[in-house]
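Here is a short report on a two-chain model. It starts with one term, then goes through single residues, the cores and the interface.

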Amino acid sequence: MTEKYMIKQLSIFINNEPGRLAQIAAALKECNINMKAFNIAESSGFGVLRAIVDDPGRAYRELSKKGIIVKETNVIAIPMTDRPGGLLEVAKVIGDANINIEYGYAYSDKNKASFFFRVDDASAAVSKLLAVGMRVLTETEI
Amino acid sequence: MYWNQKTECMPEGKLKKLQYKSLKRLVNDLYSFSAFYHDKMKAAGVRPSDIRSLSDISKLPFMNKSDLRDNYPTKMFTAPGKDVVRYHVSSGTTGKPTLVGYTKNDIEFWTESLARALTSVGIGSDDVMQVSYGYGLFTGGLGLHYGAERVGATVLPTSTGSTERQLELMMDLDVTAIACTPSYLVYMGGVAKKMGIDFQRDTRLRKAVLGAEPWSENMRQHIENELGIQAYDIYGTSEISGPMFTECTEKKGIHIWSDVCLVETIDPDTEESLGPGQEGELVITVLKKEAMPMIRYRIKDLTTIIEDKCACGRTSPRIKRITGRTDDMLIIRGINVFPSQVEHTLLQIPQINGGQYMITVDRIDSLDYMTVQVEMRPEAFSDKIDDMLKLKKHISSELKRYLNIAVEVELAAPDSLPRFEGKAKRVKDRRKL
Ligand SMILES: [Zn+2]
């Protein structure tokens with residue numbers, strides 16, 4: 001039932017070497033992969049690029065073929081009002097629903113803003129959000 | 001000042017005779033009582049009766065670190081367990097460490113060697129000696145401790161670490177001499193500066209006995225000028241007991257006590273003996289060892305033997321400063337590390353492709369840092385940073401467990417590290433000595 005709310009995120013490992021991110025960006029372009037949202041998490045010596053793309057299945061295959069470490073993960077997307085306090089509203093609902101976020105990132109274009117986040121049990125989290133009346137986005141809505 | 005003038009200044013002819021007698025007895029004993037050495041001599045087609053002069057030593061087979069590994073832990077021991085009074089342990093080339101055993105007499109001649117050496121640099125009963133080598137499995141701490149006590153010095157056994165405390169004790173207790181790695185002394189100098197301590201004004205330190213890692217004449221000049229002390233080179237390795245030999249105050253080579261050890265140099269490729277003055281791989285025969293005799297041990301250090309008489313009056317041969325290694329062993333903060341140990345450890349971690357790695361060594365503010373890059377397997381990749389940090393930590397703690405040094409680990413993507421055709425060059429040593 002919650003299946004349609006599962007957004008496929010691609011996570012890509014970035015080596016600690018100059019130009020590695022540019023290489024990955026070039027690979028995305030070569031494979032004609034359009035990013036709808038992305039975020040880069042950095043740590044000591046490496047990084048993880050997290051991206052929501054047009055056709056994640058195809059992107060996953062093409063990037064893997066190029067020897068890039070990529071992983072598919074389900075994340076949840078909820079709409080956000082693109083104005084001060086927007087994040088607070090979202091955070092409050094998630095907190096009230098007692099959902100523990102592993103990580104999250106917001107993304108906005110001129111039409112809309114969304115908050116993407118990763119939890120341990122995405123399906124349970126979606127049910128809780130729906131139960132408190134929160135709107136959860138589907139793949140086609142982002 | 002001599003500790004044992006009769007032996008240290010024995011005429012060369014007499015010394016050689018003494019060496020021949022010791023060698024002959026050692027070979028006879030081992031042929032009769034050591035299965036390991038009996039088989040080794042048999043395989044080389046040499047019998048004790050073939051040793052008719054000192055130069056006949058070249059007929060005897062070499063020993064290597066692999067002999068110690070293959071006979072781990074005590075198969076090479078020639079003394080019964082009840083006579084073994086101590087063990088020391090150092091790195092092996094792969095999984096098993098190198099174990100060395102000592103009888104009471106072995107500790108005695110080791111201590112005697114160091115007593116002669118310390119006396120030859122003017123360290124004696126008026127001195128307070130800080131031993132900042134590691135105490136424990138490593139031979140440096142306990143070896144120097146015994147040697148310094150033997151000459152009557154007051155020993156301050158600080159071991160390694162807690163540098164600020166070491167400096168405070170050095171000042172409070174009027175320390176006059178120190179034994180440690182040269183890089184640690186430079187590091188101490190830096191810490192002292194930050195604490196507002198002027199070595200020349202605030203400490204009574206006058207002499208340092210430095211070793212357990214390669215260093216250079218430049219570094220000696222730097223240390224002596226910066227700290228206002230005399231710095232002497234010390235040499236030895238656990239297989240021959242531990243640190244045993246130093247330069248004398250002439251600073252023109254390390255005196256190798258002839259009654260204790262017989263040194264040769266060989267061409268590392270052809271194994272041909274080289275003469276004095278020719279640089280080659282050092283081969284040491286310990287003439288007096290009871291628990292674990294070493295005959296023609298290939299120590300893998302490159303040096304030159306000097307036979308001319310030293311101005312100090314001692315007649316033993318000397319070896320020049322070690323210029324390099326004939327294997328790929330690295331010395332990181334005084335600890336021996338073999339790339340094969342790193343590989344052995346990595347191969348046991350399923351999340352990485354252990355056969356592919358790169359080792360980088362840097363020296364920053366006089367301290368050595370080792371970084372190991374490893375290739376992660378795609379399955380091990382997680383979108384959660386936390387999981388990746390856990391993996392990194394796991395790899396470095398495994399390396400720490402096997403190598404006994406802190407290692408910085410860098411995760412790399414599969415197939416991203418260099419591949420080699422022929423001999424792999426997996427080590428980048430960027431230290432400038
Ligand atoms: Zn001398």
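A strand here is a DSSP run of E with at least two residues, and strands are numbered from the N terminus. By that rule, strand 9 of chain B covers residues 254-255, and His255(B) lies in it. The model is a predicted one.

**Three residues of chain B**

Start with His255(B). Its relative accessibility is 0%. His255(B) counts as buried because the cut-off for that class is under 20%. Its side chain makes a polar contact with the side chain of Ser316(B), at 3.0 Å. Beyond four places in sequence, His255(B) touches three cysteines, Cys248(B), Cys310(B) and Cys312(B). Phe245(B), Thr246(B), Arg314(B), Ser316(B), Pro317(B) and Arg318(B) are also on that contact list.

Next comes Gln166(B), in helix 7 of chain B, residues 163-172. Its relative accessible area is 2%, so Gln166(B) is buried as well. The side chain of Gln166(B) reaches the backbone oxygen of Gly161(B) at 3.0 Å. Its contacts more than four places away in sequence include Gln130(B), Ser132(B), Tyr184(B) and Met188(B).

Is Lys300(B) buried or partly exposed? At 22% relative accessibility, Lys300(B) counts as partly exposed. This lysine sits in strand 13 of chain B, residues 297-303. Lys300(B) and Met63(B) are 237 residues apart in sequence, yet their C-alpha atoms are 11 Å apart in space. Leaving aside neighbours within four places, the contacts of Lys300(B) include Asn64(B), Glu281(B), Arg325(B) and Asp327(B).

The three compare as follows.

| Residue | Element of chain B | Relative accessible area |
|---|---|---|
| His255(B) | strand 9 (residues 254-255) | 0%, buried |
| Gln166(B) | helix 7 (residues 163-172) | 2%, buried |
| Lys300(B) | strand 13 (residues 297-303) | 22%, partly exposed |

**Nonpolar cores**

In soluble globular proteins, nonpolar side chains tend to be buried together. In this model, the largest nonpolar core has 68 residues. Leu60(B), Met129(B), Leu144(B) and Ile284(B) have the most contacts inside it. Helix 5 of chain B, residues 104-120, gives the most to this core, with seven residues.

Take Leu144(B) as an example. Beyond four places in sequence, Leu144(B) touches Leu114(B), Leu118(B), Met129(B), Val131(B), Tyr133(B), Ala179(B), Ile234(B) and Pro243(B). Apart from the largest core lies another, of 32 residues. Residues of both chains belong to that core, among them Ile69(A), Val372(B), Phe381(B) and Met388(B).

**Where the chains meet**

How many residues of chain A are in contact with chain B? The count is 22 residues of chain A, against 16 residues of chain B. The two chains bury about 1500 Å² between them, 62% of it on carbon and sulfur atoms. In chain A, Phe13(A), Phe46(A) and Ile69(A) lose the most area to chain B. Together they make up 36% of what that side buries. Ile69(A) is also one of the residues in the core of 32.

Polar links join the chains too. There are three salt bridges between chain A and chain B. In one salt bridge, the side chains of Asp120(A) and Lys384(B) meet at 3.6 Å, N to O. Seven residue pairs are in polar contact across the chains, both residues at pLDDT 80 or more.

On chain A, strands 1, 2, 3, 4 and 5 each supply at least two residues of the side that touches chain B. Strand 1 of chain A gives the most, with four residues. By class, that side has seven nonpolar, eight polar and seven charged residues.

Methods:
Residues numbered from 1 in each chain as written. Chains lettered and ligands numbered in written order. Predicted model: local features only at pLDDT ≥ 70, side-chain atom pairs only at ≥ 80, totals over all residues. Heavy atoms only, no water. Contact = heavy atoms within 4.5 Å. Buried area = accessible area lost by both parts, 1.4 Å probe. Salt bridge = Lys/Arg side-chain N within 4 Å of Asp/Glu carboxyl O. Polar contact = N/O pair within 3.5 Å; in protein donor to acceptor, adjacent residues only side chain to side chain. Nonpolar A, V, L, I, M, F, W, Y, C, P; charged D, E, K, R; others polar. Buried < 20%, exposed > 50% of the residue type's maximum accessible area, 1.4 Å probe, protein only. Core = buried A, V, L, I, M, F, W, Y, C linked by side-chain atoms within 4.5 Å.
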